[in-house]
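The following exercises concern sheets, helices and charged side chains. Please study the sequence and the structure before reading each solution.

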Amino acid sequence: MKGSIMAGKQLDVVVEMFRAYLLNQGWSIVEEKDLQNGLQLLVTDGMTKVPIDCYTNGNALIQGPAGALKTELQTWWKQQKASPAAPILQDRVVPPSLRTTVEKFRIFASSQGWSIVGRAIQNGSYQLRFTSGSTSTSIDFYSSGKVLIQENPSEMRSTLEHWWQKQQAGQAPPTLWDMSISPPKQSVEDTSSLSPALSPVETKVMAHIGTDEAGKGDYFGPLVIAGVSVDEDSAPRLLALGVRDSKQLSDAKILSLAEEIRKICHGHGHIVAYRPERYNQLYQETLNLNLLLATAHAQVIASLQKRTASRLALVDQFSHEPLVLAALQKMNCDIAVEQRPRAEDDIAVAAASIIARATFVLQIEELSQSISVQLPKGASSPMIVTVGREIVARAGRDALGKVAKLHFKTTQEILQR
């Protein structure tokens, strides 16, 4: 009897490891079915499907035709079995009093791209172990509420300790900066004319604001608009940090960079984020995404202009009409505005693009947790329709409106069924 219980626990941990990895990669489990001595997960990256047989002895067999998805899964699983963390394929049952804290650490580790395993330890305590390459860190959770982060000094351990200190102080930045969710009251006033274009690389950087958005093309998740103000002091530090267009970076790297940007540009950043429910309300009022975007970009710029020396704002262009300038006029914000395509080559806009994307990643993960379904990113994956139909079947159309942008044509495809 005891042997069968331990075997079941080993199976649970193997499945949990795959779930965490798939979550980090943005892949989904479309089906689960029992095997004689385990559980089969049918995994997809939106294009191909690969079955993974997980067994009670702690092993896993990745099947299906050869392809990129199968190769990546096999490579990752081989690394896990060779990892020092592999022997911790034991009890994953978390004591009820520790679940909230343990889950916070799990979500954070997933956002960093670390591998996660866990086990129960003595006296009702629990241990998580995170691994990235050859680096590992273990965290012990005690029923008294104490959390002990262990192992040798490393970047991973420092990152965990810094993040946990902020959690304890109530200063964890779920949205990385001050967030607004509704625009201020507006009034009308004239403004100055446009200034000359900014040079993307300058020896001497003029203080200016850069804004960019994330989530505009994603069916699930929020719309986020972020702004960063840079000057002669912060711009070289951001460049040295490796700040560049967020589309060139992985989500794990974006989350890491966003925290560093927040430190360098402390007090010089602002975010407007519309979660899907609020976004759908605003879209019904305007029926024009560009107008909605213009108001949000203007709100970010106006907020930053009040507390910085910036007299110029650069916007990654989303419309040929001067909508942002018009919105700023209504807000009594006297600042020059330039809009141009591919503005992410400017350091302020690049920093804003990273902050916006990091906020989107964190919030879509929160939404996924709230409905216990992993929400796919983007707008073209076949999994989007599958997940949408699952949400509607389980909780109704109103539930879809809390996690998705309903004006997308995808909504019609989901509801056709």
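**Exercise 1: A salt bridge and its accessibility**

The side chains of Glu213 and Lys216 meet in a salt bridge, with 3.4 Å from N to O. The structure examined here is a predicted model. Task: classify Glu213 as buried or exposed, and then classify Lys216.

Solution. Step 1: recall the cut-offs, namely that buried means under 20% relative accessible area and exposed means over 50%, with partly exposed in between. Step 2: Glu213 has a relative accessibility of 13% and therefore counts as buried. Step 3: Lys216 has a relative accessibility of 31%, so this residue counts as partly exposed.

**Exercise 2: A salt bridge between two elements**

Task: determine which residue forms a salt bridge with Glu32, and state which elements the pair ties together.

Solution. Step 1: begin with the general principle that side chains of opposite charge can pair when their charged atoms come close. Step 2: the partner of Glu32 is Arg19, and the closest N and O atoms of the two are 2.7 Å apart. Step 3: Glu32 belongs to strand 1, whereas Arg19 belongs to helix 1 (residues 2-25), so the salt bridge ties together parts that are 13 residues apart in sequence. Step 4: Glu32 is partly exposed at 38% relative accessibility, and Arg19 is partly exposed at 35%.

**Exercise 3: A salt bridge within one helix**

Task: locate the salt bridge between Glu260 and Lys263, and explain how the two residues are placed along their helix.

Solution. Step 1: the side chains of Glu260 and Lys263 come together at 3.2 Å, N to O. Step 2: both residues lie in helix 6 (residues 251-264); because they are 3 residues apart there, about one helical turn separates them. Step 3: Glu260 is partly exposed, with 30% relative accessible area, and Lys263 is partly exposed at 40%. Step 4: for the wider picture, the structure holds 12 salt bridges. Asp251, Arg357 and Lys377 are linked in a network of such bridges.

**Exercise 4: The sheet of strands 1 to 4**

Task: describe the order and pairing of the open sheet that strands 1, 2, 3 and 4 form, and explain why one side of strand 1 and of strand 4 is left without a neighbour.

Solution. Step 1: the 4 strands follow the order 1-2-3-4, and their pairing is antiparallel. Step 2: strand 1 (28-35) and strand 4 (60-62) stand at the edges; each has a single partner strand, and therefore one side of each lacks a neighbour in the sheet. Step 3: neighbouring strands of this sheet are turned by 20 degrees against each other on average, direction ignored. Step 4: strand 2 (residues 38-44) pairs with strand 3 (residues 49-55) in the antiparallel sense over 7 bridges. Val43 stands opposite Val50 in strand 3.

**Exercise 5: The sheet of strands 5 to 8**

Task: identify which strands are the edge strands of the sheet with the order 5-6-7-8, and state which strands helix 4 touches.

Solution. Step 1: this open sheet has 4 strands with antiparallel pairing. Step 2: strand 5 (115-121) and strand 8 (147-149) are the edge strands, since each pairs on one side only. Step 3: the twist from one strand to the next averages 20 degrees. Step 4: strand 7 (residues 135-141) and strand 8 run antiparallel and are joined by 3 bridges. Leu148 in strand 8 is the bridge partner of Asp140. Step 5: helix 4 (residues 155-168) packs on the sheet and touches strand 6 (125-132), strand 7 and strand 8. The direction of helix 4 makes about 35 degrees with that of strand 7.

How values were computed: Residues numbered from 1 in each chain as written. Predicted model: local features only at pLDDT ≥ 70, side-chain atom pairs only at ≥ 80, totals over all residues. Heavy atoms only, no water. Pairing = 2+ DSSP bridges. Axes fitted to C-alpha atoms, helices over the stretch in contact; angles between N-to-C directions. Contact = heavy atoms within 4.5 Å. Salt bridge = Lys/Arg side-chain N within 4 Å of Asp/Glu carboxyl O. Buried < 20%, exposed > 50% of the residue type's maximum accessible area, 1.4 Å probe, protein only.
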